[in-house]
Structure formats: C-alpha cells, structure tokens
Amino acid sequence: MAFIPVNEPLLNGNEKKYLCECIDTGWISSEGPFVREFEEKMAARVSRKHGIAVTNGTAALEIAVRALKLKEGDEVIMPTFTIISCAYAVTQVGAIPVLVDSDDKTFNMKVEDIEAKITPKTKAIMVVHIYGLPVDMDPVLEIARKHNLRIIEDAAEMHGQTYKGRPCGSFGDISIFSFYPNKHVTTGEGGMVVTDDDELAEKCRSLRNLCFQRSARYVHEELSGNYRFTNLQAAVGLAQLERLDEFVIKKRQIGKRYTEGLRDISDISLPLARTDYADNIYWVYGIVISDDVPMDNKELQKKLAENEIGSRTFFWCMHEQPVYQEMGLFKEETYPNAERLARKGLYLPSGLAITDEQLETVIGVVRKIFS
Ligand SMILES: *Cc1c(COP(=O)(O)O)cnc(C)c1O
C-alpha cells in the first residue's frame, strides 16, 4: 500500500501554462506583471483595497507588526494555540504576546477571555482563524473599537472562508494570508498582506523591499529585509486562485466524508461542521482523542504511520514553548483547553489531491485503531 501523505496540493489547472509564460517572456523576478495581477485579484477576492505579496505568511505577519509600529513593551493579545509565526512576529520587535485559551469546539481563541487581558500597554489583538472555522469576529471588533486597539488578522488558513457572509481577510487593520502548499491557494512558498489603508499599504511595500526610497533609492531612513515575491510564484498563485471556489467545495466534501465515516467512534471528537456564523472549510480535518482514552496524539500518529498514513499533531501552545520559557515569558501560565488540544489533537490527510480511495483507506485505519 502506498503511503498517504498528510497533504498533497492540486496543481493541474493553468499553473504550468502561466509558468511557461514567465519563462518564455523572461519575467521571473518580483518585477514581473503577474505579481501585481495576483495582488489585485487576491485583494479583490477578500474585498480589500491593497494586496502586498511577500515571501511567506510568517514574513507577512512580521511586516504587519512592523507596519503598525508595535515596539518593545507593547502587548498584543493572541491565542496560545497557534503556530509560532504569530508569537515570533510580535517578539521579534520586543513586543509581548499576551495569551488567551482556546474554545474546545472551534479551536479558536476564547473571545470572551480577551477583555480581561487588556492593560494600558495593550496595542493590538492578533486574531488567528484556526483549522477551518473563523473566530467570532463581531465581539472582537467591538472590543477593539471600545479600547482603541488595532487588529491583525491571521487568515493564513482561511482562503475562501467567510464570517457572516464577509470574507475572512477583510477584518483586520492588516490581514495576512499564507500560500504554503497545505493552504487552499499555494505558490510553493508565499504570503500576502491585505489592507484598506493607503498609508499602511505603502509602508508594507517599503518593508517588503529593504525600505528603498522612491526619490533616493540607496539612502535609508529605515531598515528592513528582502521579502519580495517572484513572478513565478504569482503565476502559480493566479492559476490556483481561479479554482478557489472549486477547492473550497472539495475541502468540504473531504470533511463531510470523514465525518460520515468516523461519526460513531466514541473515543474521538470530530470538527464542528458549522457555527452560527460559518460553515467549516476544513483547512485540515482535525480530530481530538477523548480525555478518558489513554492515548495521546503522538501515539496515534505512530499507529497511523505504521499503516502508511501521514498525519500531523496539533500546534504546541505558545506558553509551553521552551524558547519563551527561557526568555522568562508565560511563567506559571496555564490554558487547559489549549493544552489538551496540543496533546490530544491530530489532523488526518486532507490535501486537495487526496483521492476517494485514499479517504476510505484512512477512515478504515482510524476505525481499526479505535475498535
Ligand atoms: C501557515 C500559517 C502561517 C505561516 O505561513 P508560512 O507561509 O508557512 O510562513 C501563519 N499562521 C497560520 C495560522 C498558518 O496556518
């Protein structure tokens, strides 16, 4: 039996055609015409005025934090259950992540815990939509308005998702996407900052490109790295974006089939199909082993691998990261829901190229493990 990878992207649209155009015309750098076209189409897709394509989603978060001028000592409220990119973007400028626990059903930050974490040093809330369902945005927007806080929206996993009918990626002062191969739109590596604010957009463009100046290119008032996005990446991105609606339908079919196939296993809980404000797009299909089952996600991952099935354990909480503990951050803090997800949660193969046959194989193996 062939190994079933945790993710395989689908690249059988116009990707090759547009890539060949890059090669035939010689436009392969960040100066090529597809970059602007991809930025415009992606921004329009999420109802934003500006899109600034960058090297990856992590870079997009770094640039967002710097564009908002967050600095040493500023506090940014964010979920503890997320990827390191979020906390890294904040700590790289000396600002401090202030963490909140997760909702055990949606895996998203507990919105009701945010307000208690606000101090005079709080400058922003970093909202991260996790695994397929969006954060309940209305209360977050209200809190931000009331306390005059900026919102950074990490929509890295949310291409094609909406909250109450509005596109994810349209809620932050700055919002970001990733185009890593396990995202709904991939460019191999890649990311984008989107915003409606002309000044922030200009700032992000400058931060993307070494802070070169318009009038005196090699004279620097500010420093930044090179986060430019290539025409080759944009070629793939354009072809992917053309199929986003189709991809979301496919992801929902994958999620539906897994849920049908695994529903009666009492030892695991399955992702919610919907909330009051969104239908799950199953960026990944995450399952959580019940508390009373003496098995953690690492053991389940091993059993799946023995059956030639790839999987990934859930994120490891920010407050339990050795690197931050060593920096003296998050000492004695505990977030029980997030800690449980980190130990008991795992996601199954759910890439866009997965076949019906592979899906049935995975379902069969999971059923066997818990029988
Ligand atoms: C993938 C991801 C990122 C990082 O994106 P990269 O392109 O891999 O740097 C950031 N945030 C979330 C929530 C992600 O899922």
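Here is a short chat about the ligand site and one sheet of this predicted model.

Colleague: Which residues surround the ligand?

Modeller: The ligand's surroundings are Asn-56, Gly-57, Thr-58, Ile-83, Ser-85, Val-128, Asp-154, Ala-156, Glu-157, Ser-178, Lys-183 and Gly-190. By class, that shell has three nonpolar, six polar and three charged residues.

Colleague: What makes the pair between Thr-58 and the ligand a polar contact?

Modeller: A polar side-chain atom of Thr-58 lies 2.6 Å from an oxygen atom of the ligand. The cut-off for a pair of N or O atoms is 3.5 Å, so the pair counts as a polar contact.

Colleague: And what is the distance for the side chains of Glu-157 and Lys-183?

Modeller: For Glu-157, a side-chain N or O atom is 2.6 Å from a ligand oxygen. For Lys-183, the value is 2.7 Å, again from a side-chain N or O atom to an oxygen of the ligand.

Colleague: How much of the ligand does the protein cover?

Modeller: On its own the ligand has 380 Å² of accessible area, and the protein covers 92% of that. The space taken by the ligand is the second largest pocket.

Colleague: Now the sheet: what is the order of its strands?

Modeller: Four strands form an open sheet in the order β10-β11-β13-β12, with antiparallel pairing.

Colleague: Why are β10 and β12 called edge strands?

Modeller: Each of β10 (268-269) and β12 (312-313) has a single partner strand, so one side of each lacks a neighbour in the sheet.

Colleague: How do you know that β10 pairs with β11?

Modeller: Pairing takes at least two bridges, and β10 and β11 (residues 285-289) are joined over two bridges in the antiparallel sense. Within these strands, Ile-268 stands opposite Ile-289 in β11.

Terms used:
Residues are numbered from 1 along each chain as its sequence is written. This is a predicted model: local features need pLDDT of at least 70, side-chain atom pairs count only at pLDDT 80 or more; totals for chains, interfaces and linings use all residues. Side-chain values use heavy atoms; hydrogens and water are left out. A residue is near a molecule or strand if one of its heavy atoms lies within 4 Å of it. A polar contact is a pair of N or O atoms within 3.5 Å; within protein, one must be able to donate a hydrogen and the other to accept it, and residues adjacent in sequence count only if both atoms are side-chain atoms. Accessible areas come from the Shrake-Rupley method with a 1.4 Å probe; for residues, only the protein chains shown count as cover. On a 1 Å grid over the protein atoms alone, a cavity is a set of points where a 1.4 Å probe fits but cannot get out, and a pocket is an open set with protein on both sides within 12 Å along at least five of seven lines; lining residues have an atom within 4 Å of a point. A molecule sits in a cavity or pocket if more than half of its atoms lie within 2 Å of its grid points. Ala, Val, Leu, Ile, Met, Phe, Trp, Tyr, Cys and Pro count as nonpolar, Asp, Glu, Lys and Arg as charged, and the others, Gly among them, as polar.
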